[in-house]
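Work through these exercises with the sequence and the model open. Try each task before you read its solution.

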Amino acid sequence: MHTLWLTDIGADDLQRVGGKAASLGELTGAGLPVPSAFVVTTGTYRSFIEKTGIENALFDAVDVDTDDSRALAAAAERAQELLLDTEIPAEVREDVLAAYDELGDGPVAVRSSATAEDLPDASFAGQQDTYLNVARADLLDRIRECWASLFTQRAIYYRTEQGFDHDAVDIAVAVQEMVDAEKSGVLFTSHPSTGAPTAIVEAAWGLGEAVVSGTVSPDNYVVDRETGELADVTVARKRVMCVRGEDGRTVERSVPDEKRDRQVLDETELSRLVELGERVEAHYGCPQDVEWAMRDDELYLLQSRPITTIDDTVAAGTTGASADGGAMQGQSEDIRLSGIGSSPGTASGPVSIVDKLDNLDKVERGDVIVTEMTTPDMVPAMQRAAGIVTDQGGMTSHAAIVSRELGVPAVVGTDDATDRLRDDQPVTIDGDMGTVEVGEADETADAREPERTGEDGAPLPSDSRPQQPAKPMTGTEVKVNVSIPEAAQRAAATGADGVGLLRIEHMILSTDKTPTRYVADHGERAYVDEIVEGVRGVAEAFYPRPVRVRTLDAPSDEFRQLQGGEDEPAEHNPMLGYRGIRRSLDRPTEFELELRAFARLYDLGYDNVELMLPLVTDAEDVLRAKSLLTEVGIDPEKRDWGVMIETPASALSIEELCATGIDFASFGTNDLTQYTLAVDRNNTTVADRFDELHPAVLDLMATVIDTCRDHDVATSICGQAASKPEMVRFLVDEGVSSISANIDAVRDVQREVKRAEQRLLLESIR
């Protein structure tokens, strides 16, 4: 028999129907409201790969080193190809379609259910696929795609990391009556970190796919199960929802204006949901992560799995939520805000709301700055802060970059921290997890090194602090990225082989004036001095190690916020617009002032300064800039200079770029990735498609490295991806000259480079 009904399945049937289906069957048997479903068994999948003769080829294909990103991608592609291109046997097709007809003729959800899934110690959440609103004509194809999802890159990698053999894991497929939900979400029956009797509910309009995938920020409700009190409610602005389209497919639609800011669940619905969750937890005897949906006032359970994230050491000391929904001093506090952990470490301190530059003076040492978004003018205050929280931004925002360089824990992209927190309110932020909790921790785990004092109580100078262990010796140079001169000493202390990227725009933006306005107000000499002094501090800290300085690359929207910004163009997408070398060449007078600053630095003896041109597209850009170098007295034959490879055009034109006389080419992976994949990295709707390790991006980089080697041109990387171990291994294998990482990642990159080089050496000997 190829199919089983939920009414015939229980928790003991995991090997026949997988974790998800076994759980649904168990819930059905307990009388809980689960939509009707049948399951295409694991035995059906196993007989399919055996009888069609693809079994050996399938498992041979995925027997690879999962740390090798190229090998992993090829393995996933081959395995899925085998499954998707093989016909399902006739007897299986007949049984499945007969079961569908018995279920009804409406749309169904087709949901993978692997045997290594929803386990108490490994949830495997999201590793396999689910398809919603599936019609009869597409059912068999979706089932085969569920089987194939057992062999995506993430699934292969996760199983390997968890110690599961690929050939020991089978997959079933649940075909379930589709609930065309009006509202849906997720329920944690107990606190997911502490296990405290605190129910946490997330809810949004439409199908639950929008909540699970992160497409929408849902409402958040915190309920103290011991008192039944609603401890906290966060009503999110819900811009989109997933619904069933006219053609039966799942589509995203805008939430009607009147519902965007409306609370999804009322107290009666919330009470029913929490009560239902308590029944599920009582049945299983452990806290559960439950997916739910509501239609026509009927509540349905779509899935339940054990919560695997509870920290037993924390849970043991937790006595429950306080009356205000939280706990202080030794008790875990319910998370108030979440965002992106952009600078690691934890810190506690009083909130200091900064909504305009006039507020900066109120930030005292040890405060946690909370602001919509940081700007270069805020750097002095950021240096005093214990932590930083922003409403907007991502991993490459100003707040994220500067916080990492200063060693200050930061959480960015919380949406509404400035609205929900208040001045002097004590908070604890976790820059690793991306969370902000109200209240101070027992011990503040500030990521920065604590201040050391001498016998007289006075602070010791920074150079008297314990030095880091000797850095690993590598053939590939490991450099460091620097955004602000204030981070120079901390960056130099990493032992990096130089600076692979010093951003000049932060020096200019910190004046709060556009270049044009600054020159008009203060003169050309003052403008050149600003740049010279900013670069000089870093060049001095690293001398004689090289410092690679990028000329101006701020987009127009950043200039528009400054004095004189009204004269800047208003662009729909500034990342694709008036920036980098195109702006410099269009404004040769201002660009000449930048180049005069470089000439002055050389005259002062800083021959370790290297000049780097951003966002070039072809040799013409480079030759025009080279001509301007000569005009200000910089000899391109005597000074090291080069370009950034940030566009597919520059990567594909690398032969011509090398012919212009450049000394180096450096990858800016943030831009190279977004331009190659057509993904705006600041657009949260498509952010999950932003992948610097995409084969197309890696192929462009490999081509550049190979061509540059032929022309004796050095290659490097200074983008965010340089801190990723997979990228480091790829670059070392390809023969890159240097890798420049964020300050906090230098030592890890050094070790990763050494391991990769040792592996290559051993392979060459063997």
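**Exercise 1. Which residues of helix α18 are buried, and what does the end-to-end distance of the helix say about its length?**

Solution. This is a predicted model, and local features are read where pLDDT is at least 70.

Step 1. Pick out the buried positions. In α18 they are Tyr-527, Val-528, Ile-531, Val-532, Gly-534, Val-535, Val-538, Ala-539, Ala-541 and Phe-542.

Step 2. Recall the helix geometry. With 3.6 residues a turn, residues three or four places apart in an α-helix point the same way.

Step 3. Check the length. Helix α18 covers residues 524-542, which is 19 residues. At 1.5 Å a residue, the expected span is 27 Å. The C-alpha atoms at its ends are 28 Å apart, so the two values agree.

**Exercise 2. Where is Ser-113 found, and which backbone nitrogens does its side chain reach?**

Solution.

Step 1. Place the residue. Ser-113 belongs to strand β3, residues 108-114.

Step 2. Judge its exposure. The cut-off for buried is under 20% relative accessible area. Ser-113 has 0%, so it counts as buried.

Step 3. Look for polar partners. The Ser-113 side chain lies 3.1 Å from the backbone nitrogen of Lys-20. A polar atom of that side chain is also 3.5 Å from the backbone nitrogen of Gly-19.

Step 4. List the contacts, leaving aside neighbours within four places in sequence. Ser-113 touches Val-17, Gly-18, Gly-19, Lys-20, Ala-21, Ile-171 and Ala-172.

**Exercise 3. Why do Cys-658 and Cys-708 not form a bond, and how many disulfides are counted?**

Solution.

Step 1. Set the limit. A disulfide needs two cysteine sulfur atoms within 2.5 Å.

Step 2. Apply it. The cysteine sulfur closest to that of Cys-658 is in Cys-708, at 3.9 Å, so the pair is too far apart for a bond.

Step 3. Take the total. The count is zero disulfides.

Step 4. Add the exposure. Cys-658 is buried, at 8% relative accessible area. Cys-146 is buried too, at 0%.

**Exercise 4. Which strands make up the closed barrel, and which of its strands does helix α28 touch?**

Solution.

Step 1. Trace the barrel. Eight strands close it, in the order β22-β23-β24-β25-β26-β27-β28-β29, with parallel pairing. From one strand to the next, the twist averages 30°.

Step 2. Inspect one pair. Strands β27 (residues 664-667) and β28 (residues 714-717) run parallel and are joined by four bridges. Ala-665 stands opposite Thr-715 in β28.

Step 3. Add the helix. Helix α28 (residues 746-765) packs on the sheet and touches β22 and β29. Its direction makes about 160° with that of β22.

How values were computed: Residues numbered from 1 in each chain as written. Predicted model: local features only at pLDDT ≥ 70, side-chain atom pairs only at ≥ 80, totals over all residues. Heavy atoms only, no water. Buried < 20%, exposed > 50% of the residue type's maximum accessible area, 1.4 Å probe, protein only. Helix = DSSP H or I, 4+ residues; strand = E, 2+ residues; numbered from the N terminus. Polar contact = N/O pair within 3.5 Å; in protein donor to acceptor, adjacent residues only side chain to side chain. Contact = heavy atoms within 4.5 Å. Expected span 1.5 Å × (residues − 1). Pairing = 2+ DSSP bridges. Axes fitted to C-alpha atoms, helices over the stretch in contact; angles between N-to-C directions.
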